[in-house]
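The exercises below are meant to be worked through slowly, with the sequence and the structure side by side. Try each task before reading its solution.

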Amino acid sequence: MTFENLNLLPQILVSLKTKGYTQPTPIQEKSIPHILAGKDICGSAQTGTGKTAAFAVPMLQLLFNSKAHQRKGIKALILAPTRELAQQISDSFRDYGKGLHIRHTVVYGGVSQHGQTNALRSGVDIVIATPGRLLDLMNQGFVHLNTIEFFVLDEVDRMLDMGFINDIKKIIAKLPVKKQTLFFSATMPVEIKKLSDSLLKNPVIVQTTPASTAAVTVKQYVYHVKSENKKALLTYILTKEVKPHVLVFTRTKRGADKLAKSLSVDRIKAEAIHGNKSQNARQKALDRFKNRNISMLIATDVASRGLDITDISHVINFDLPEEAETYIHRIGRTGRAGATGIAISFCSPDERGQLRDIIKLTKNIEVVEGHPYDASQSSEEPRRKNGQQQRRSAPRRNNSGSGGNSGSNSNWRGRRTNDRSYR
Ligand code: AMP
């Protein structure tokens, strides 16, 4: 399948070529024809599958064909959970819509509304927004949704996690009944299914990979390590890597700041992004990371959502997430669009329950043993069923001394033993 087979406008084909896309991803292949045919879509797709283009490209084409710029009012609304994702979607519309004269703008909180209201006043066809700021601007009379023809809800599961359900309902109440709705969520728990049922009319269900699975291009490792040694282990791993470009997840904002600070002592250039930082500071850190001025970005889950940085070499879970599905979202930041990536998780003895939940979702996690901070034999380790917890009788080293880390164990990944692999 090629983009040409999808009957796209020549201008769009040029834009996709300029982006370096040679063929549609599965979600694009499955969604684009239906969206062009005017159908509602319920898409269950992982991050990094190319779903932004899957909805942006056909919407741009339909808006162009219907001469949207000659009609007054906003024709398309895209709701996204985070500022960063909204900005990325906006960048995608800019890139895919070159030469189509379809105007778009992005609105989100954390920055002055002045630029946003100016753009809205000058007239736009597409608005990409986070729910809170959009409602705010609606209440001030800057945004009217009565002319909407396309409505996209992106990363719905995350929007619900973030407590946006009431805002979303208020926004939906202002939309015209007749519209095309595109609904995307990485996971489809009951609550989300209910919302999609209430919103979509005879939707085409598009499911590329089963929800809650990790991309096969991501190699996953877990290191058992005591909490107090996590930072030392991180430094150890990084110094063994050639030009790593790493996204690190911490559980708390404070933890992200603390880690960034302590890494600077080791001359590792890292910056933290989280909800307490201004939008400007977040964008600057993101730009520095994208431009490789810094090798590491430390993020909390909310801040990381939707980050589109194509060449992340490693995702490191400094802290394991509370919910296993968050793990899938996190590691979806690497191994995007077919590239390979490495996901490393640090598991302290008190996080083993979380690790077990993760293993239930993704079976391909390999345990790394023999690293200098290995705490896999900690007495706190709970027993696993079926004897999986038993280890090989082959001698293991404690690796605390310099002589203990030679030979095949000198690799930073330490020793990987198949019987300890959670396949
Ligand atoms: P998304 O899931 O929309 O966040 O997209 C993930 C990444 O895949 C982004 O960096 C896109 O630029 C990239 N991408 C989207 N579609 C394609 C394609 N057909 N070929 C190659 N890369 C793509």
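**Exercise 1.** Which residues of helix H2 (residues 26–36) are buried?

*Solution.* Keep in mind that this is a predicted model. Begin with the cut-off, by which a residue is buried if 20 or more other C-beta atoms lie within 10 Å of its own. Going along helix H2, the residues that are buried are Ile27, Gln28, Lys30, Ser31, Ile32 and Ile35. To understand such spacing, recall that an α-helix has 3.6 residues a turn, so residues three or four places apart point the same way. As a next step, look for the partners of these buried residues of H2, which pack against E1, helix H3 (51–65), E6 and E7. Finally, follow the chain just past H2, where Gly38 takes a positive phi of about 90 degrees.

**Exercise 2.** Find the order of the strands in the open sheet of seven strands, and then name its edge strands.

*Solution.* Reading across the sheet, whose pairing is parallel, the order is E3-E4-E2-E5-E6-E1-E7. Strand E3 (104–107) and strand E7 (204–207) each pair on one side only, and they are the edge strands. From one strand to the next, the twist averages 15 degrees.

**Exercise 3.** Describe how strand E1 (residues 41–44) is joined to strand E6 (residues 180–185), and then find helices that pack on the sheet.

*Solution.* E1 and E6 run parallel and are joined by four bridges; within this pair, Ile41 stands opposite Leu182 in E6. Turning to the helices, H4 (residues 83–96) packs on the sheet and touches strand E2 (76–79), E3 and strand E4 (126–129), with its direction at about 155 degrees to that of E4. Helix H6 (residues 131–139) also packs on the sheet, touching E2, E3 and E4, and the direction of H6 makes about 105 degrees with that of E3.

How values were computed
Residues numbered from 1 in each chain as written. Predicted model: local features only at pLDDT ≥ 70, side-chain atom pairs only at ≥ 80, totals over all residues. Pairing = 2+ DSSP bridges. Helix = DSSP H or I, 4+ residues; strand = E, 2+ residues; numbered from the N terminus. Axes fitted to C-alpha atoms, helices over the stretch in contact; angles between N-to-C directions. Contact = placed C-beta atoms within 7 Å. Buried ≥ 20, exposed ≤ 12 C-beta atoms within 10 Å, placed from the backbone.
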